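Please look through the structure below with its empty spaces, its nonpolar core and a few individual residues in mind. The paragraphs that follow take these topics in turn.

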Amino acid sequence: LSQTTLARENNQYLMILFQQLGVSPTEMQQLNYCCLFLQVTTVSDITTRDGTQILESAARGSHCISRTSNIEWPNQPRPSEK
């Protein structure tokens, strides 16, 4: 995945953010599965326009059908809830 201009000011890539927060390698793998399943890459993909709340769909672990992406996502089954 190549880094492109982010859609919002102060936006961040989720996996880089998780790494900066010191998430363990095992947790990083699980979070990556979640990002692939939800088809998200950035904080703005899972938050409201003002960035203050996580979208209900993301919190439930379901795809946001109103979002579109030009990325060809792999088929990632729903991750376990561990």
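Which residues does F37 touch, not counting residues up to four places away in sequence? In this predicted model, and with those sequence neighbours set aside, F37 touches G61, H63, Q76, P77, R78 and P79. F37 also belongs to the largest nonpolar core, which has nine residues and further includes L14, F18, M28, C35, L38, V40, I46 and A58. The elements that give two or more residues to this core are α1 and α2, and α2 gives the most, with four residues.

One member of that core, I46, can be followed further. I46 is found in the loop between α2 and α3, and because its relative accessible area is 17%, under the 20% limit, I46 counts as buried. Leaving aside neighbours within four places in sequence, I46 is in contact with L14, V40, Q53, I54, L55 and A58; of these partners, L14, V40 and A58 are themselves listed in the largest nonpolar core. For a sense of distance, the C-alpha atoms of I46 and L17 are separated by 14 Å, while the two residues stand 29 residues apart along the chain.

The next topic is empty space. Rolling a probe the size of a water molecule over the atoms shows where empty space is left. By the rule applied here, the count comes to one cavity of 30 Å³ or more, and about 50 Å³ of space lies in the largest cavity. The largest cavity is lined by L38, V40, D45, I46, S57, A58, S62, H63, C64 and R67, and this lining divides into five nonpolar, three polar and two charged residues. L38, V40, I46 and A58 thus appear both in the lining of the largest cavity and in the largest nonpolar core, and H63, another lining residue, is one of the residues that F37 touches.

Besides the cavity there is open space to consider. The largest pocket has a volume of about 350 Å³ and is lined by 18 residues, among which C34, L38, A58, A59 and G61 lie nearest its centre. The elements that give two or more residues to this lining are α1 (14–20), α2 (25–38) and α3 (56–60), and α2 gives the most, with five residues. By residue type, the lining of the largest pocket divides into 13 nonpolar, two polar and three charged residues. L38 and A58 line the largest cavity and are also among the residues that lie nearest the centre of the largest pocket.

Two further residues deserve attention, and the first of them concerns the backbone. Most residues other than glycine have a negative phi, and most peptide bonds are trans. Q39, although not a glycine, has a positive phi of about 60 degrees. Q39 is found in the loop between α2 and α3, and because its relative accessibility is 29%, Q39 counts as partly exposed.

The second is N11, which lies in the segment before α1. Is N11 buried or exposed? N11 is buried, because its relative accessible area is 10%. The side chain of N11 makes a polar contact with the side chain of S44 at 2.7 Å, and another with the side chain of T42 at 3.5 Å. Leaving aside its neighbours within four places in sequence, N11 is in contact with L6, T42, V43 and S44.

Terms used. Residues numbered from 1 in each chain as written. Predicted model: local features only at pLDDT ≥ 70, side-chain atom pairs only at ≥ 80, totals over all residues. Heavy atoms only, no water. 1 Å grid on protein atoms, 1.4 Å probe; cavity = no way out; pocket = protein on both sides within 12 Å on 5 of 7 lines; lining within 4 Å. Points joined across faces, edges and corners; volume = space filled by probe spheres on them. Nonpolar A, V, L, I, M, F, W, Y, C, P; charged D, E, K, R; others polar. Buried < 20%, exposed > 50% of the residue type's maximum accessible area, 1.4 Å probe, protein only. Polar contact = N/O pair within 3.5 Å; in protein donor to acceptor, adjacent residues only side chain to side chain. Contact = heavy atoms within 4.5 Å. Core = buried A, V, L, I, M, F, W, Y, C linked by side-chain atoms within 4.5 Å.
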